[in-house]
Amino acid sequence: MTLPSNAQRLWMFEQMLVSRYLEECIERIYMEGKTPVFNMAKGPIPGEMHLSNGQEPCAVGICAHLSAEDVVTATHRPHHIAVAKGVHLNEMLAEIFGKQSGLSGGRGGHMHLFDARVNFCCSGIIAQGMGPAVGAALSRQLQGKPGVAVAFIGEGAANQGAFHETLNLAALWQLPVVFVIEDNAWGISVAKQASTAIERNYLRAAAYGMPGVFVADNDTDAIFAAAFEAIERARNGGGPSLIEIETSRLAGHFMGDGEQYRPAGEKAALQAKDPIPAYRQRLLDLGVLDEQQAEAIAARARGRVDEAVLFARESAYPAPEEALEMVFV
Ligand SMILES: Cc1ncc(C[n+]2csc(CCOP(=O)(O)OP(=O)(O)O)c2C)c(N)n1
């Protein structure tokens, strides 16, 4: 097992904190204008909002091995992955706020973040990113260019046709692509065992002749190690692989979700295993970090997020007469 270096551990810790602070800020701001009556269209952040609190280890463990030239396609729950891939934070926040200074001029919103500078995109359509990831890997193979593609999906998406079609083609053509399943056990309110015929999705990799691994317990270093192997294999012409990660969604499916479907005690149990305090403690125990450094990293992460929120708040909305520019009509 290839463990991260101290520098890589500190990088992962910091990105997880940036992502968590970002989500905490978004959670607060999202509710502005939405009380006492919850109206999704109101407030500085209109529309649906899917937070990724709890899933940060998946993003940093994978993206620690990627550079800007590598491609990532993410899901409708994309913020943690966007942060770890290095998407421009100010422009990302502005996009979430629907502002002109956003990544896509405010036309995409939180589920459609696109940053060509770091080859990142995501989509509100389940499993949608898998085809483009395979396409990006094929283009690199055909052109003899370096770089791998990584497609993140939720476990619910593993029952979509696109999952099976893309795994087949990626294996057939031995493409430099890695499929990552963030298994948070829930597809909206549907438990995995109520939708999925097989207990663990990594087992499906064998049906397509590619390696599949399972990482238990949302373990940042173990995710890093699994990703190292899979991404090295892809970079060295060894073809695709699948990584299934047992993670946890600490928030509702979207903001406004009452979460009545969760068994009693589940949420408290998940929160008790919050991966960020756990990772902080691991780094303290390993002597990679001391309390003072941990506070300094946290302050830096907060500072980045505060700056991005300010940028988004102060940016202008697109002019109404330009609303239909850059979109399909
Ligand atoms: C093709 C498609 N079908 C249905 C939906 C509605 N939908 C949005 S999120 C979601 C559940 C996704 O579950 P999962 O893939 O496990 O991701 P998670 O929300 O748990 O991160 C569904 C069915 C959609 N966006 N796209």
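Which strands does helix α2 lie across? Hold that for a moment. A word on the source: this is a predicted model. Now the reply. Helix α2, residues 56-63, lies across β4 (149-154), β5 (177-183) and β9 (241-246). It runs at about 170° to β4.

So much for the helix. Now the sheet under discussion. It is open, with seven strands and mixed pairing. The order is β2-β3-β1-β4-β5-β9-β8. The edges are β2 (114-115) and β8 (212-215). Each has a single partner strand, so one side of each is left without a neighbour in the sheet. As general background, strands of a sheet pair through backbone hydrogen bonds, either parallel or antiparallel.

Take the β2 edge. Strand β2 runs antiparallel to β3, residues 120-122, and two bridges join them. Phe 114 stands opposite Cys 121 in β3. The loop between β2 and β3 holds Asn 119. Asn 119 is not a glycine, yet its phi is positive, about 55°. Is Asn 119 buried or exposed? Neither, quite. Asn 119 is partly exposed, with a relative accessible area of 25%.

Now the β8 edge. Strands β8 and β9 pair in the parallel sense, over four bridges. Gly 212 has Leu 242 in β9 as its bridge partner. On the other side, β9 pairs with β5, also in the parallel sense, over six bridges. There, Ile 181 stands opposite Glu 244 in β9. Strand β9 is mostly covered, with five of its six residues buried. Move to the loop between β8 and α7 (220-235), where Asn 218 is found. Its phi is near 55°, a positive value in a residue other than glycine. Asn 218 is buried, with a relative accessible area of 8%.

Next, helix α6, residues 161-172. Like α2, this helix lies across β4, β5 and β9. Helix α6 runs at about 150° to β5. Which residues of α6 are buried? Phe 163, Thr 166, Leu 167, Ala 170 and Ala 171. They cover an arc of only 125° around the axis, which puts them on the same side of α6. That buried set packs against α5 (130-143), β4, β5 and β9. The face turned away from the buried side carries Glu 165 and Leu 172, both exposed. Does the length fit? At 1.5 Å a residue, the twelve residues of α6 should span 16 Å, and the end C-alpha atoms are 17 Å apart, which agrees. Just after α6, Gln 174 takes a positive phi of about 50°.

On to the cores. Nonpolar side chains tend to be buried together in soluble globular proteins. Here, the largest nonpolar core has 70 residues. Which members touch the most others? Ile 62, Met 92, Phe 120 and Ile 243. Helix α1, residues 6-30, gives the most to this core, with eleven residues. Look at Phe 120. Beyond its neighbours within four places in sequence, Phe 120 is in contact with ten listed positions, including Val 72, Pro 78, Ile 81, Leu 113 and Phe 114. Apart from the largest core lies another, of 23 residues. Among them are Ala 149, Ala 157, Ala 170 and Phe 179.

Helix α10 is next. Residues 291-314 make it up, 24 in number. From first C-alpha to last, α10 reaches 34 Å, close to the 34 Å expected at 1.5 Å a residue. Its buried residues include Ala 294, Ile 297, Ala 301, Val 305 and Val 309. What do the buried residues of α10 pack against? Helices α1, α4 (89-96) and α9 (275-286).

Last stop: the loop between α1 and α2. Pro 36 is found there. A cis peptide bond joins Thr 35 to Pro 36, with omega about 5°. Ser 52 is found in that loop too. Ser 52 is buried, with a relative accessible area of 0%. Which residues is Ser 52 in contact with, leaving aside its neighbours within four places in sequence? Ser 19, Glu 23, Arg 77, His 79 and His 80. Ser 52 and Leu 93 are 41 residues apart in sequence, and 15 Å apart in space, C-alpha to C-alpha.

Terms used. Residues are numbered from 1 along each chain as its sequence is written. This is a predicted model: local features need pLDDT of at least 70, side-chain atom pairs count only at pLDDT 80 or more; totals for chains, interfaces and linings use all residues. Side-chain values use heavy atoms; hydrogens and water are left out. Two strands pair if DSSP finds at least two bridges between them. Contact means heavy atoms within 4.5 Å. Axes are lines fitted to C-alpha atoms, for helices over the stretch in contact, and angles run from 0 to 180 degrees between N-to-C directions. The expected span of a helix is 1.5 Å times one less than its number of residues. Buried means under 20% relative accessible area, exposed over 50%, partly exposed in between (1.4 Å probe, protein chains only). The arc is that of the directions from the helix axis to the C-beta atoms. A nonpolar core is a set of buried Ala, Val, Leu, Ile, Met, Phe, Trp, Tyr and Cys residues joined through side-chain atoms within 4.5 Å.
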